[in-house]
Amino acid sequence: MKNFIIFIVGFLTGIILTFVVLLAVYAANINNNEDDISYFETPISYENKKSTSFQVFQVLGNTALANEISNKKYELYNGKTVLLLGNNFYTDQIVKKVYPQQVGTYTYQTKQKEILGTTIGGDNITVPVIGQ
């Protein structure tokens, strides 16, 4: 009976430690993109544009990576990539900005290969951050 209790306690301890380790790994891998944003002291006009629009292609919490419109006639969004600040973004959303303000820059690494959950390679990309 004593050996059975030791087995059960060891088994439960192993399960608990496994969950603690997995939680620690998950918490360490959460990408908090606020750390990757460099804010300007004062916002500047985004390329002196009165208005422009962007199409979201990736949502990152309360921010989104988006491409600027490149051809208004055909509504093509192959222009510059920017990071938009705000809430409630969704993929393929069109966001129109009047007198857009650049409030900083955002740096991220592109993914090329993923081997056993580890990204190998990738380029560091820096894009403008457009405020709300």
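This note sets out points on the fold, strand pairing, aromatic pairs and surface of a predicted model.

1. Overall make-up. The chain contains 1 helix and 9 strands. In sequence order the elements read α-β-β-β-β-β-β-β-β-β, so the helix comes before the strands.

2. Contacts along the sequence. Among contacts in the chain with a separation of 6 or more, 56% are between residues 24 or more positions apart.

3. Strand β2 and its pairing with β3. Strand β2 covers residues 51–60, and strand β3 covers residues 63–68. The two run antiparallel and are joined by 6 bridges. Within this pairing, Q58 of β2 lies opposite L65 of β3. As general background, side chains in a regular strand alternate between the two faces of the sheet.

4. The turn between β2 and β3. These two strands form a hairpin with 2 residues between them. G61 has a positive phi there, near 70°.

5. Strand β2 and its pairing with β5. Strand β2 also pairs with strand β5, residues 94–98. This pairing is antiparallel as well, with 5 bridges. S51 has V98 in β5 as its bridge partner. Strand β2 is therefore paired with both β3 and β5.

6. Aromatic pairs. The structure has 3 aromatic pairs. One of them joins Y46 and F54: the ring centres are 6.1 Å apart and the planes meet at 55°, so the pair is classed as tilted. That angle falls between the limits of 30 degrees for stacked and 60 for edge-to-face. Another pair is formed by Y106 and Y108, with 5.6 Å from centre to centre and 20° between the planes. Because 20° is under 30 degrees, the pair of Y106 and Y108 counts as stacked.

7. Burial of the aromatic residues. Which side of the cut-off do these rings' residues fall on, buried or exposed? The limit for buried is under 20% relative accessible area. Y46 has 1% relative accessibility and is therefore buried. F54, its partner in the tilted pair, has a relative accessible area of 0%, so F54 is buried too. In the stacked pair, Y106 is at 2% relative accessibility and so counts as buried.

8. Chain-wide burial and surface. The chain has 132 residues, and 27% of them count as buried. Its accessible surface is about 9,600 Å². Carbon and sulfur atoms account for 56% of that surface.

How values were computed
Residues are numbered from 1 along each chain as its sequence is written. This is a predicted model: local features need pLDDT of at least 70, side-chain atom pairs count only at pLDDT 80 or more; totals for chains, interfaces and linings use all residues. Side-chain values use heavy atoms; hydrogens and water are left out. Rings of Phe, Tyr and Trp (its six-membered ring) pair if their centres lie within 6.5 Å; planes under 30 degrees apart count as stacked, over 60 as edge-to-face and the rest as tilted. Buried means under 20% relative accessible area, exposed over 50%, partly exposed in between (1.4 Å probe, protein chains only). Helices (H or I, at least four residues) and strands (E, at least two) are DSSP runs, numbered from the N terminus. Contact means heavy atoms within 4.5 Å. Accessible areas come from the Shrake-Rupley method with a 1.4 Å probe; for residues, only the protein chains shown count as cover.
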